[in-house]
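Hi everyone, thanks for coming. Let me put today's structure up on the screen so that we can walk through it together.

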Amino acid sequence: MTDPQSTKLPIDGTLDLHTFLPGEVMDLVPEYLAVCRERGITQVRIIHGKGVGTLRRTVESVLRKLSYVESFRMADENAGGWGATIVTLKKIEL
């Protein structure tokens, strides 16, 4: 998988997984979050859709393994409800 910057993915704190294959998520999510963190973006919304919850569970599994994830939760209704996850990243200490 390539760096999200090189694939022209906007680094704006929202990652919409609808355009990616399920197999890409395991690499894409950590790379995107790392770039967000480097840019000082510490709150990220990951849109995975509602469906049957498989992609949401995959995203949560990835997030649990990342040491720089402070917390994550289901989005409120205005931000996508159970079709999105809000991630809080630890700030980079200088």
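I'll begin with the sheet, move on to one helix, and finish with its charged side chains. Please keep in mind that this is a predicted model.

So, the sheet. It is an open sheet of four strands, in the order β1-β2-β4-β3, and the pairing is mixed. At the edges you'll find β1, residues 14-16, and β3, residues 69-74, each pairing on one side only. From one strand to the next, the twist averages 20 degrees.

Let's look inside the sheet for a moment. Strand β2, residues 43-47, runs antiparallel to strand β4, residues 84-89, and five bridges join them. If you'd like a spot to find on your own screen, look for Ile46, which stands opposite Thr85 in β4.

Now to the helix. Helix α2 covers residues 54-65 and lies across β2, β3 and β4, running at about 160 degrees to β3. α2 has twelve residues, and from its first C-alpha to its last it reaches 17 Å, close to the 16 Å expected at 1.5 Å a residue.

Which residues of α2 are buried? They are Val59, Glu60, Val62 and Leu63. These four sit on the same side of α2, because they cover an arc of only 160 degrees around the axis. What covers them includes α1, residues 25-38, along with β2, β3 and β4. Turn to the other side of α2, and there Arg64 and Lys65 are exposed.

You may have spotted a glutamate in that buried list, so let's stay with Glu60. Its relative accessible area is 17%, which counts as buried because the cut-off is under 20%. What does its side chain meet? One partner is Arg56, in a salt bridge of 3.5 Å, N to O. Another is Arg64, in a salt bridge of 3.9 Å, N to O.

How are these residues spaced along the helix? Glu60 and Arg56 are four residues apart in α2, so about one helical turn separates them. Glu60 and Arg64 are also four residues apart in α2, about one turn of the helix. In general, an α-helix has 3.6 residues a turn, so residues three or four places apart point the same way.

The partners of Glu60 have their own settings: Arg56 is partly exposed, at 25% relative accessible area, while Arg64 counts as exposed, at 57%. Together, Arg56, Glu60 and Arg64 are linked in a network of salt bridges. And a search of the whole structure finds two salt bridges.

Thanks for listening, and I'm happy to take questions!

Technical notes
Residues are numbered from 1 along each chain as its sequence is written. This is a predicted model: local features need pLDDT of at least 70, side-chain atom pairs count only at pLDDT 80 or more; totals for chains, interfaces and linings use all residues. Side-chain values use heavy atoms; hydrogens and water are left out. Two strands pair if DSSP finds at least two bridges between them. Helices (H or I, at least four residues) and strands (E, at least two) are DSSP runs, numbered from the N terminus. Axes are lines fitted to C-alpha atoms, for helices over the stretch in contact, and angles run from 0 to 180 degrees between N-to-C directions. Contact means heavy atoms within 4.5 Å. The expected span of a helix is 1.5 Å times one less than its number of residues. Buried means under 20% relative accessible area, exposed over 50%, partly exposed in between (1.4 Å probe, protein chains only). The arc is that of the directions from the helix axis to the C-beta atoms. A salt bridge is a side-chain nitrogen of Lys or Arg within 4 Å of a carboxyl oxygen of Asp or Glu.
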